[in-house]
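This note sets out some points to check against the structure as you read it. Please keep the sequence and the model side by side.

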Amino acid sequence: MRKGELTRAAILDVALELSSRDGLEGLTIGLLADRMNMSKSGVFAHFGSREDLQLEVVKLYHHRFEQEVFFPSVREPRGLPRLQSMFDRWLARVSVEIASGCIYISGAVEYDDRPGPIREELVKMVQDWQDALRRAARQAVEVGHLRADADAEQLVYEMYGLILALHHDARFLRNAGAVDRARRGFERLIENYRNPIPPQGTPAH
């Protein structure tokens with residue numbers, strides 16, 4: 001990478017850290033310039049506007065989410081192994097973000113009624129992730145790991161609810177044990193949908 005690209009990447013790293021802590025709307029060019037020991041004009045030279053910077057932060061967050069959660073999971077076999085990996089890796093990431101903050105969750109609060117390109121980008125990313133979860137759930141039905149009447153929409157809705165409850169209880173209420181409760185909730189959810197007659201070659205649970 002050239003020097004300018006390295007500087008831009010470093011600015012985005014710090015901007016993501018600040019946005020996770022203070023929210024995307026709490027991200028200012030002045031604060032970022034202070035953290036980077038740069039002038040405001042120096043930061044602006046890499047991003048045309050504050051909104052452009054915020055959009056790049058959202059895209060960086062999404063890229064890292066895909067690298068840590070999505071791509072490793074889709075290498076797992078279709079069915080429950082893949083769905084389980086998606087939830088486990090998602091849970092692990094949110095567990096770390098209890099201290100730092102989650103852009104998807106904080107962004108939903110900041111931009112739920114604020115139209116514009118940042119909201120559109122956040123909505124698309126969350127919808128893409130939910131679509132991936134629904135595909136994995138439907139595949140688990142197709143291969144026979146889950147019952148034929150399992151409702152993928154409802155399953156993903158409840159999975160998302162577990163993650164939101166974890167973030168709320170652990171980050172806001174500071175409740176110990178929230179991660180274990182989320183994990184047990186997912187296990188109970190899967191048991192509710194599990195096929196009592198496993199597919200051929202699959203050991204019974």
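1. Contact here means that heavy atoms lie within 4.5 Å. The model is predicted, and the points below should be read with that in mind.

2. Which residues of helix α6 are buried? Helix α6 covers residues 103–111, and its buried residues are Ile 103, Tyr 104, Ile 105, Gly 107, Glu 110 and Tyr 111. The cover over these buried residues includes helix α1 (3–22), together with α4, α7 and α8 (152–172).

3. The whole structure contains eight aromatic pairs. In one of them, Phe 65 and Trp 129 meet edge-to-face, with 4.9 Å from centre to centre and 80° between the planes. This pair joins distant parts of the chain: Phe 65 belongs to helix α4 (residues 50–74) and Trp 129 to helix α7 (residues 117–142), 64 residues apart.

4. Are the two partners of that pair buried or exposed? Phe 65 has a relative accessible area of 2%, and Trp 129 has a relative accessibility of 4%. Buried means under 20% relative accessible area, so Phe 65 is buried and Trp 129 is buried.

5. Trp 129 also pairs with Trp 90; the ring centres are 5.4 Å apart and the planes stand at 85°. Planes over 60 degrees apart count as edge-to-face, which is why this pair is given that name. Trp 90 lies in helix α5 (residues 80–100) and Trp 129 in α7, so the pair ties together parts that are 39 residues apart in sequence. Trp 90 is buried, as is Trp 129.

6. Ring pairs link a cluster made up of Tyr 61, Phe 65, Phe 87, Trp 90, Tyr 104, Trp 129, Tyr 160 and Phe 186. Tyr 61 has a further neighbour: the charged end of Arg 93 sits over its ring, 4.7 Å from the ring centre.

7. How do helices α5 and α8 pack? Their axes are 9 Å apart and form an angle of about 20°. Angles under 35 degrees count as roughly parallel, and α5 and α8 are therefore roughly parallel to each other. The crossing of α5 past α8 is right-handed.

8. The residues that make this contact include, from α5, Leu 83, Phe 87, Trp 90, Leu 91 and Val 94. From α8, they include Leu 155, Met 159, Tyr 160, Leu 162 and Ile 163. Phe 87, Trp 90 and Tyr 160 take part in this contact, and they also belong to the ring cluster.

Notes: Residues are numbered from 1 along each chain as its sequence is written. This is a predicted model: local features need pLDDT of at least 70, side-chain atom pairs count only at pLDDT 80 or more; totals for chains, interfaces and linings use all residues. Side-chain values use heavy atoms; hydrogens and water are left out. Rings of Phe, Tyr and Trp (its six-membered ring) pair if their centres lie within 6.5 Å; planes under 30 degrees apart count as stacked, over 60 as edge-to-face and the rest as tilted. Helices (H or I, at least four residues) and strands (E, at least two) are DSSP runs, numbered from the N terminus. Buried means under 20% relative accessible area, exposed over 50%, partly exposed in between (1.4 Å probe, protein chains only). A charge sits over a ring if NZ of Lys or CZ of Arg is within 6 Å of the ring centre and within 35 degrees of the ring normal. Axes are lines fitted to C-alpha atoms, for helices over the stretch in contact, and angles run from 0 to 180 degrees between N-to-C directions. Angles under 35 degrees count as roughly parallel, over 145 as roughly antiparallel, 65 to 115 as roughly perpendicular and the rest as oblique. A crossing is left-handed if the near helix is turned anticlockwise from the far one by less than a right angle, and right-handed if clockwise.
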